[in-house]
Amino acid sequence: MEIKVPAVGESVYEAVIARWLKKSGDVVSKDEPLCEIETDKVTLEVTSEADGVLTTLAAEGETVKIGAVIATIDARGAESAPAAGAAASAKSSPAAAPAAPAAEAAPAAPAKTAPKGAPPPISPSGRKLARELGVEPQDVQGSGRGGRVTREDLLKAEGAGPAPAGGQPSVQAQPAPAVKSEPAPAPPSRPVPSPSQEAERVVRKPMTQIRKRIAQRLVSVRQQTAMLTTFNEADMSQVMLLRQKYGEHFLKRHGVKLGLMSFFVRACCEALAQFPDVNARIDGDDIVYHNFCDIGIAVGSERGLVVPVLRGAESLTLAGIEQQIAEYAEKVRKNRIAIADLEGGTFTISNGGVYGSMLSTPILNPPQSGVLGMHAIQKRAVVVGDEIVIRPMMYLALSYDHRIVDGQGAVGFLKLVKEYIEEPEELLLEG
């Protein structure tokens with residue numbers, strides 16, 4: 001049976017074998033993951049379609065076309081492989097037993113000692129002083145830690161000269177000679193690392209397909225949009241109070257935790273309805289307005305950032321939003337996210353606060369015209385009714401394409417999101 005690269009989207013024509021989870025000769029079962037493949041949009045697993053013995057035909061890192069055969073499975077070898085493995089282990093067991101005593105009887109290799117004439121440890125400045133004084137470091141007895149030769153040791157050795165016959169040390173060390181106003185000697189040449197050392201110092205790895213795609217899109221945003229960012233801050237007291245009061249009941253009823261993201265998705269949907277420019281995009285010389293909210297939720301993974309889309313988010317409840325986010329997060333962790341989950345989107349929300357970010361400027365996800373950046377919650381002193389109080393505050397950032405969205409609209413949109421978050425009762429009443 002042939003294992004082929006699956007079709008993952010209309011615009012995807014090739015993929016890269018990221019890694020093999022099984023190797024040639026392994027016995028695999030039906031639906032067992034065989035390898036991970038990467039495209040410029042997604043990473044996914046290729047599973048076995050039958051029981052048998054695997055033979056790989058493509059190497060890790062190789063670029064293959066969609067539909068190409070990358071492995072075969074021999075169903076006939078599935079029965080013989082376990083028997084052969086048992087026989088091999090039976091043969092190897094008797095031979096392994098006598099080897100153990102022999103290994104125990106072998107004496108431990110003596111620890112290697114430094115050569116007798118090895119130079120003592122000395123700092124670069126010490127080597128320079130030794131050259132100026134005409135003293136050989138190997139002839140000096142170091143008094144520093146680990147036998148290190150110090151400046152005082154070199155000065156004493158230079159002042160003492162050859163040791164007297166009686167073996168008595170010189171009573172008084174000579175002071176260091178005056179430094180002449182001559183050009184400083186050239187610094188010692190830096191040792192050239194060996195090829196193996198150089199390979200350890202610098203590691204070069206090819207970019208993954210997802211990383212290449214991310215790099216291309218981020219550069220294009222800077223080159224093809226007029227991106228600006230406006231900021232505000234929101235008092236998270238009421239949202240946190242609701243989560244604390246109803247979180248346990250919400251989890252029992254809906255099977256997911258009541259997070260922050262659902263409140264922000266609802267707030268953005270309400271604000272986008274009043275500021276449609278933020279939910280629009282440019283197509284040639286036209287502006288395309290969307291009368292729906294497909295909200296992209298940025299999710300970080302081991303292989304890069306992916307942005308699955310909540311379809312029709314304006315009609316979802318808080319529970320529906322949290323359930324879809326949990327499903328997408330599980331797909332990302334298991335490399336089961338599909339191209340269809342990532343396509344489209346009219347607006348994006350990114351939460352850098354999960355990594356501890358206090359403030360950032362989120363970058364647009366083209367062709368969208370707006371992205372909201374959430375950040376870490378921190379207790380700060382704020383003025384409320386002429387009184388200084390401590391409140392949990394979050395900085396909010398809205399990056400927008402100034403070709404479509406004016407500054408007034410961007411500020412108004414972010415201010416409305418702030419108001420919905422600080423007084424979330426209206427969100428609950430409407431959805």
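**The open sheet**

Select strands β1, β8, β6 and β3 of this predicted model. These four strands form an open sheet in the order β1-β8-β6-β3, and their pairing is antiparallel. As background, the strands of a sheet pair through backbone hydrogen bonds, in either a parallel or an antiparallel manner. The edges of the open sheet are β1 (2-4) and β3 (27-28), each of which pairs on one side only.

Next, restrict the selection to β1 and β8, the latter covering residues 69-74. The two run antiparallel and are joined by three bridges. Which residue of β8 stands opposite K4? The residue to highlight is V69.

**From β3 to β4**

Continue to the loop between β3 and β4, and select D31 there. The phi angle of D31 is near 70°, a positive value in a residue other than glycine. For comparison, most residues other than glycine have a negative phi. Is D31 buried or exposed? With a relative accessibility of 55%, D31 counts as exposed.

Now select E36 together with R19. E36 forms a salt bridge with R19, and the closest N and O atoms are 3.1 Å apart. E36 belongs to strand β4 (residues 33-38) and R19 to strand β2 (residues 14-20), so this pair ties together parts that are 17 residues apart in sequence. The surroundings of the two partners may also be examined. E36 is buried, at 3% relative accessibility, whereas R19 is partly exposed, with a relative accessible area of 39%.

**Salt bridges elsewhere**

In general, side chains of opposite charge can pair when their charged atoms come close. How many salt bridges does a search of the whole structure find? The search finds 16.

For another of them, select R391 and D235. Their closest N and O atoms lie 2.8 Å apart, and the two residues form a salt bridge. R391 is in strand β19 (residues 387-401) and D235 is in strand β9 (residues 227-235), so the pair ties together parts that are 156 residues apart in sequence. R391 counts as partly exposed at 26% relative accessibility, while D235 counts as buried at 12%.

Then select E330, R333 and K334 as a group. These three residues are linked in a network of salt bridges.

**Just before β19**

Return towards R391 by selecting D386, which lies in the loop between β18 (377-384) and β19. Like D31 earlier in the tour, D386 is not a glycine and has a positive phi. The phi of D386 is about 65°. With a relative accessible area of 78%, D386 is exposed.

**Helix α10**

Select residues 407-422, which make up helix α10. Does the span of the helix agree or disagree with the expected value? At 1.5 Å a residue, the 16 residues of α10 should span 22 Å; the end C-alpha atoms are 23 Å apart, which agrees.

Within the helix, colour the buried residues. They include G409, A410, G412, F413 and L414. Further along α10, L416, V417, K418, Y420 and I421 are buried too.

Now show the side chains of K418 and E422. These residues form a salt bridge, with the closest N and O atoms 2.9 Å apart. Both lie in α10, four residues apart, which is about one turn of the helix. K418 has a relative accessibility of 18% and counts as buried, whereas E422, at 22%, is partly exposed. The cut-off for buried is under 20%, so the two partners fall into separate classes.

**Strand β16 and the loop after it**

Select N351, which is found in strand β16. N351 is buried, with a relative accessible area of 19%. Which residues does N351 contact, leaving aside its neighbours within four places in sequence? They are M261, M374 and H375. Show G353 as well: its backbone nitrogen lies 3.0 Å from a polar atom of the side chain of N351.

Finally, move to the loop between β16 (347-351) and β17 (370-374), and select P367. Is the peptide bond from P366 to P367 cis or trans? This bond is cis, with omega near 5°. In general, most peptide bonds are trans.

Conventions
Residues numbered from 1 in each chain as written. Predicted model: local features only at pLDDT ≥ 70, side-chain atom pairs only at ≥ 80, totals over all residues. Heavy atoms only, no water. Salt bridge = Lys/Arg side-chain N within 4 Å of Asp/Glu carboxyl O. Buried < 20%, exposed > 50% of the residue type's maximum accessible area, 1.4 Å probe, protein only. Expected span 1.5 Å × (residues − 1). Pairing = 2+ DSSP bridges. Polar contact = N/O pair within 3.5 Å; in protein donor to acceptor, adjacent residues only side chain to side chain. Contact = heavy atoms within 4.5 Å.
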